[in-house]
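Here is a short report for a reader meeting this structure for the first time. Keep the view open while reading.

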Amino acid sequence: MHPFTGLATREDGAIKVCCRSQPIGFIQNQTLEQAWNNDAMRTVRRQVLSNEQPAVCKPCFDLEAQGVESLRQRHIRDSYPESRINLYPNALDSLQDDFTMPFELPTIEIKINNLCNLKCRMCNPLDSTQWKDWKEVESFYQDEGNYLVDAVRKLGLTKAPYIGLFENKDDFWKNLEKLLPYFRRVEFAGGEPLMDPTHYKILDMLARHGNNIELKYATNGTVTGIKGGRTIHDYWPKFKKVSVNVSIDGLHDVYEYIRGNGKFNEIEDNIKVFKSFPNVDYVVGACTVQAGNIMQLPEIIDYFLNKMGIVFYSHRVNYPNVLSAQCLPIKYKEDVVSKLKKLLVDVKTWKCMDQHPQLLPMTLQQIQDNINFLQARDLSSKWTQTLEFNRRLDASRKQGPFESICLK
């Protein structure tokens, strides 16, 4: 549904079909309006409707091949209220014979710069201004041929860590203005959007149509705003609905180890604030499953649902691949899989499932996805590299050691 209903942006100027896809263009040489119907996007639409697998959509098809439900699949399933097939059932009505569509997209996913206050282990300088030790681990990305190596060098992110290529593009702002009457859902990620002045500039534009627009956030949950009357309290009430995905990659010491500069108790406090808004539809704990937190995953699921009262959702580290949970030695994997299989039974008895029946199929799917992922590939030959990657960051950040925090 994504190539028919919206675009996504990335901090390096990439314009994409969705947040997971590979780029179809760059803001440096074309506008959002041009990208919406460029050759690459029209090809994707044609391929999707021909039941082909577009190359730019490879991340989703790779997950599906491992038995993990992808973003693509979630948005064509009518059992998910926010799947795009439910949100925009008539999306294809305006599709032309040449696979162009009017520039009237209802959704946009915005990553506009890399301003952030955290330095998460699986992150990088393109996604956070706090990443000051890229040189310590660059070789791991180099070994896997990751695009970030060239991007970080080309953009000079080790010298001047901030990147905001959209902000000074007049055509970007003109395109947003043009789309305002058509937007129904605007999704923000980062960096950290809630600490970003440009995010609030965009909200000022959107607020004129706020009664028709739902906001969705991927936030680290560490802040609720900035100075100058730019907080969630000032803005969120102006909109139809707000959904919040808070990135929480562990509990307590595991969280603080993975999410450098983050404090777990502050996250818990801010989640209570998020939940206090009448128009906040739901709060999700979004866990990036990786070698550093997979051992704690059953406890994370329990804590999110029963202690914090939030939905559990997970996605998996794809790069650097030495941080993938698939790198764990087999004995660790077997232990986690056994616990997750037990959880598939136990979760059905939890009180929250009786109170919110829609949680059960979603949670069961998430648990099974992680079982399937762990069993799909054996990358345990990379385990020594996993330890070395973390040792380098431990030395740079005065944290760790990895084994004592993450393998309990």
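## Helix α13

Start with helix α13, which covers residues 264-275. This is a predicted model. The helix has 12 residues, so at 1.5 Å a residue it should span 16 Å. The C-alpha atoms at its ends are 17 Å apart, which agrees with that expectation.

Which residues of α13 are buried? They are Phe264, Ile267, Glu268, Asn270, Ile271 and Phe274. These buried residues pack against several elements. The helices among them are α11 (232-235), α12 (253-258) and α14 (297-308). The strands are β10 (241-247) and β12 (280-289).

## Two positive phi angles

Two loop residues stand out by their backbone angles. His252 sits in the loop between β10 and α12. Its phi is positive, about 50°, although His252 is not a glycine. Is His252 buried or partly exposed? It counts as partly exposed, because its relative accessibility is 40%.

Asn261 is found in the loop between β11 (259-260) and α13. Asn261 is not a glycine either, and its phi is positive, near 85°. With a relative accessibility of 44%, Asn261 counts as partly exposed.

## Two cis peptide bonds

Now look at two prolines. The bond between Tyr319 and Pro320 is cis, with omega about -5°. Pro320 lies in the loop that runs between β13 (311-316) and α15 (330-346).

A cis peptide bond also leads from Gly400 to Pro401. Here omega is near 5°. Pro401 belongs to the loop between α18 (383-397) and α19 (402-406).

## Asn113, a buried loop residue

Asn113 lies in the loop between β4 (107-110) and β5 (119-120). Why does Asn113 count as buried? Its relative accessibility is 2%, and buried means under 20%.

What does the side chain of Asn113 reach at 3.1 Å? It reaches the backbone nitrogen of Leu115. The side chain of Asn113 also makes a polar contact of 3.0 Å with the side chain of Asp196. Neighbours within four places in sequence are left aside in the contact list of Asn113. That list holds Glu11, Tyr162, Ile163, Gly164, Glu167, Gly190, Gly191, Asp196 and Thr198.

## Two cavities

How many cavities of 30 Å³ or more does the structure hold? It holds two. The largest cavity encloses about 60 Å³ of space. Asn113 and Asp196 are both in its lining. So are Ile110, Ile112, Leu115, Phe188, Ala189, Gly190, Gly191, Glu192, Pro193 and His199. By class, this lining has six nonpolar, four polar and two charged residues.

The second largest cavity has a volume of about 30 Å³. Its lining is made of Arg121, Tyr257, Ile258, Gln290, Gly292, Leu323, Asn390 and Phe402. Four of these lining residues are nonpolar, three are polar and one is charged.

## The second largest pocket

Next comes a pocket. The second largest pocket holds about 340 Å³ of space. It is lined by 21 residues, and those closest to its centre are Met1, Val48, Cys57, Phe61 and Arg72. By class, the lining has 14 nonpolar, four polar and three charged residues.

Which helix gives the most to this lining? It is α4, with three residues. At least two lining residues come from each of α1 (2-5), α3 (39-49), α4 (58-65) and α5 (71-74).

## Cys19, a partly exposed loop residue

Cys19 is in the loop between β2 (14-16) and β3 (23-26). Is Cys19 buried or partly exposed? At 35% relative accessibility, it counts as partly exposed.

Cys19 and His2 are 17 residues apart along the chain. Their C-alpha atoms are separated by 9.7 Å. Beyond its neighbours within four places in sequence, Cys19 is in contact with Ala8, Leu71 and Glu109.

Definitions and conventions. Residues are numbered from 1 along each chain as its sequence is written. This is a predicted model: local features need pLDDT of at least 70, side-chain atom pairs count only at pLDDT 80 or more; totals for chains, interfaces and linings use all residues. Side-chain values use heavy atoms; hydrogens and water are left out. Helices (H or I, at least four residues) and strands (E, at least two) are DSSP runs, numbered from the N terminus. The expected span of a helix is 1.5 Å times one less than its number of residues. Buried means under 20% relative accessible area, exposed over 50%, partly exposed in between (1.4 Å probe, protein chains only). Contact means heavy atoms within 4.5 Å. A polar contact is a pair of N or O atoms within 3.5 Å; within protein, one must be able to donate a hydrogen and the other to accept it, and residues adjacent in sequence count only if both atoms are side-chain atoms. On a 1 Å grid over the protein atoms alone, a cavity is a set of points where a 1.4 Å probe fits but cannot get out, and a pocket is an open set with protein on both sides within 12 Å along at least five of seven lines; lining residues have an atom within 4 Å of a point. Grid points are joined across faces, edges and corners, and a volume is the space filled by probe spheres set on the points. Ala, Val, Leu, Ile, Met, Phe, Trp, Tyr, Cys and Pro count as nonpolar, Asp, Glu, Lys and Arg as charged, and the others, Gly among them, as polar.
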